[in-house]
Amino acid sequence: MTTSSLLPSPAAALGTDTFLARFRAVRHQTEALCRPLLPEDTVVQPVIDVSPPKWHLAHTTWFFETFLLSQYQPGYQVFHPDYAFLFNSYYNSLGSRVNRADRGTLSRPALHEVYAYRAHVDACMAELLQAGHELPAAFAEVMELGLQHEQQHQELLVTDIKYILSTSPLAPAYLPAATDAPEPTAAPLPAARWLPIPGGVYRIGYEGPGFCFDNEQAAHEVLVPDFVLQNRLVTNGEYLEFIQAGGYADFRYWLGEGWELVQQQQWQAPLYWVQRPEGWFRFTHHGLRPLELNAPVTHVSFYEADAYAHWQGARLPTEQEWEVAARRFRPEAAAGTFLESRSFDPQPLPADADPDQCHQLLGDAWEWTYSAYHPYPGYERARGRWASTTASLCSTSWCCAGAPAPRPKATSALPTATSSTPTSAGSLPASAWHAKLLACSSLSLPFPHVRVFRPYPFPVASSDLARHVAEGLSRFPKTLSSMYFYDDAGSELFQQIMALPEYYPTRTEFGLLTAHQVAIGQALRPADPAEPFFLLELGAGDGLKTKILLRHLLETGASFTYVPVDISAAALDGLVSSLQQELPALQVEPQVSDYATALTLMAARPGRKAVLFLGSNIGNFLPADRHSFLHELTRPLSANDRLLIGFDLQKDPRQIRAAYDDSQGVTAAFNLNLLTRLNRELDADFDLAHWQHYTDYDPLSGAIRSFLVSTRQQQVQLGRWGKALISRPGRLFTPKIPTSLPAASSSNWLPTRACRCSISLPTSTTISPMWYWRPGRKLRWF
């Protein structure tokens, strides 16, 4: 193992009993990690940068024997005179050693002899710590260093074992998956957000009591400009989009040296990814498992992380920016996925994670930065026989930051840990072995990650429209909330869409409400006919379908107030006017607001709230946003409230596609009107002549994807909001993604206590799943 030198803190105020307990716990953990292995597994060294587990067991033992027992236990005799040659790693002051590439040739000593060596040293260390005499401060410093050093090797063991097992044609699992471990699912994932961090002069580097590595010193001041940082790590699903978009075949996203490696090594995906006819899989400590799309992407090289960031229109953070963000958001170690979890992989971010917090900073993965591994100003090399040379790596390495999943929680409480990987390790420069067969330097880089950074793209705007535009255009793919379709012109165009012969959802819901108005009315109203309640409709529009239900409730003597909610004042004015003429006895309280505001205001009103969300509008949300929306939708509701949602179901793809790409071009005008609104309200300069409407339907996912496509390279200025948006020809700009559910899934799709009934749009045909196999793709182990 190549590592940066280590700098102990001043002698820890710890008694020998505390040291002994920690020593035994750390030593036990190392052996526990090796216990699932066969003896044959512990000798394998598939590549130069992987060390055999047997070597790790012996090397960490040699450290305590050499630097503590030989120095502080009178008359100590080394266990074997040749072990210093066999198990020294890089300590030049202690003489020659076995070449790093030859560690796999050490069939002797046998594994049981190495365990005997560990038992001997452990017993002597216990005797030394229990001797009762006072040990000097220098002993405490090196003792602390030895414990930290072995925990470093525990990180390496986790990653080395995984790579060793992955090279076997049998693909053996290190540990069986837990019997209650859930299969990877498309569980809701919080949408990525850009967190603004103001620029200024910041102090970075470690300072304070306790242990630190020398490359975390000396503390110093840095000038950092305004920037934004993504609030979570990039996921497998997001990186898969990069692959599917041809990212590995397009040199424009890659640094020159990285592109050469892509071609030479035939990189097509991160390490451990395997494509099969049924989809993507990933080799894990629990064997080959379906790719967890919402989990952070790991095992990517610096070049891959950089290429992904460029493809997204962003860049990686610098080391300084990462540490400023980590200090600002103060991550809690308890939130990380540390070694104690036994999952050995970072986990998906929970759906209820705070969107304003920067997550996954500790305990999940080392994260690539765009900083060279140079010493901090004021850095001093550590002294002592145990010290190596951080400075020797400073011209050939890139910085990573954070703390990875294989690290014990107790060692990862501070957001200042800095690591490096060399630009010339093995045969693949600037690539962690965990990504492309290489081991990294310094603190062992088990899970290099990409957390995308973008120079501050838009000022924080005061209006909701400007803020949402700033966030949406900072994402990939660029998106805008569907709520902004409905200005006055958009609402009028949508009324025209609902009258089109191709647009079946309105006619279908009209028929369902007509046929089932009695049952729906009974489900929505309280059991006591005299009890008043509120009927809220989100996105009321012209109320054509809802008037069927309103008329029925009035005729049956229901005591209720109709609360239509829409962001278009013109649409609500037209609805209220028509209701006054058609249903003069109806009590109406229109609300011009977004859905969340309306629900929050109504939650304080006494009585049942029956909420209508019709028109298959739920399909306007991306999957992650959909679940977030439903969570927010039901939060103000109680068990006494009711929720009625209209879902579309999968049917003939031609029928679905025609509904969202009509022959008269009304839907195209509706989507392009969004750009007209941005030009008017944000002083943007979208040239509509160079944007086209495009619709695509995916029968596998049930998503009808509606895009605006730039037909030429253009620069779009967002007026007073400052920054420009660059659009390449053919780049897809996504306003909305309506989704149709499989025919058999709608009844169980909405997990909410407030759901009491639902409308399911009938399906005319059932679409069979279609699978494909990429020609020429062979299953192989990396």
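Q: At roughly what angle do the axes of helix 14 (residues 517-524) and helix 15 (residues 546-555) cross?
A: Happy to start here, with the note that this is a predicted model. The axes of the two helices come within 10 Å of each other. Since angles of 65 to 115 degrees count as roughly perpendicular, helix 14 is roughly perpendicular to helix 15. The crossing angle is roughly 70 degrees.

Q: Which residues of helix 15 make the contact with helix 14?
A: The contact residues divide into six nonpolar, three polar and no charged. From helix 14 come Gln-517, Val-518, Ile-520, Gly-521 and Leu-524. Their partners on helix 15 are Ile-548, Leu-549, His-552 and Leu-553.

Q: How do helix 2 (residues 53-72) and helix 5 (residues 137-166) pack, roughly parallel or roughly antiparallel?
A: Their axes lie 9 Å apart, at an angle of about 175 degrees. The contact between helix 2 and helix 5 draws on 17 nonpolar, six polar and two charged residues. An angle over 145 degrees counts as roughly antiparallel, and therefore helix 2 and helix 5 are roughly antiparallel.

Q: Which element gives the most residues to the largest nonpolar core?
A: Let's look at who takes part. This core has 58 residues, and those touching the most other members are Phe-64, Phe-87, Met-125, Met-143 and Tyr-174. Helix 1 (16-34), helix 2, helix 3 (83-87), helix 4 (111-129) and helix 5 each give two or more residues. The element that gives the most, with twelve residues, is helix 5.

Q: Which glutamate does Phe-64 touch, not counting residues up to four places away in sequence?
A: Phe-64 is one of the core members that touch the most others. Its partners include Phe-23, Val-121, Met-125, Met-143 and Leu-147. Charged residues also appear among its partners, namely Arg-27 and, as the glutamate asked for, Glu-150.

Q: Why is helix 6 (residues 236-244) described as largely enclosed by the rest of the structure, and how many of its residues are buried?
A: The buried residues of helix 6 are Asn-236, Gly-237, Glu-238, Tyr-239, Leu-240, Phe-242 and Ile-243. They pack against strand 7 (273-276), strand 8 (279-284) and helix 8 (302-311). Helix 6 is largely enclosed because the buried count among its nine residues is seven.

Q: Which residue with a positive phi follows helix 6?
A: Just after the helix, the backbone has a phi near 85 degrees. The residue with this positive value is Gly-246.

Q: Is Ala-177 buried or partly exposed?
A: Ala-177 sits in the loop between helix 5 and strand 2 (194-197). Leaving aside neighbours within four places in sequence, Ala-177 is in contact with His-286 and Arg-289. Its relative accessibility is 30%, and buried would need a value under 20%, so Ala-177 counts as partly exposed.

Q: How far apart in space are Ala-177 and Ser-343, C-alpha to C-alpha?
A: In sequence, 166 residues separate this pair. In space, C-alpha to C-alpha, the separation is 8.9 Å.

Q: How many disulfides does the structure hold?
A: Two cysteines are worth a look first. Cys-34 counts as buried at 3% relative accessibility, and Cys-212 is buried at 4%. A disulfide would need a pair of cysteine sulfur atoms within 2.5 Å, and the number of disulfides in the structure is zero.

Q: What percentage of the 782 residues of the protein count as buried?
A: The protein has 20 helices and 25 strands. Among contacts between residues at least 6 apart in sequence, 79% join residues at least 24 apart. The buried share of the residues is 56%.

Key. Residues are numbered from 1 along each chain as its sequence is written. This is a predicted model: local features need pLDDT of at least 70, side-chain atom pairs count only at pLDDT 80 or more; totals for chains, interfaces and linings use all residues. Side-chain values use heavy atoms; hydrogens and water are left out. Buried means under 20% relative accessible area, exposed over 50%, partly exposed in between (1.4 Å probe, protein chains only). Helices (H or I, at least four residues) and strands (E, at least two) are DSSP runs, numbered from the N terminus. Contact means heavy atoms within 4.5 Å. Axes are lines fitted to C-alpha atoms, for helices over the stretch in contact, and angles run from 0 to 180 degrees between N-to-C directions. Angles under 35 degrees count as roughly parallel, over 145 as roughly antiparallel, 65 to 115 as roughly perpendicular and the rest as oblique. Ala, Val, Leu, Ile, Met, Phe, Trp, Tyr, Cys and Pro count as nonpolar, Asp, Glu, Lys and Arg as charged, and the others, Gly among them, as polar. A nonpolar core is a set of buried Ala, Val, Leu, Ile, Met, Phe, Trp, Tyr and Cys residues joined through side-chain atoms within 4.5 Å.
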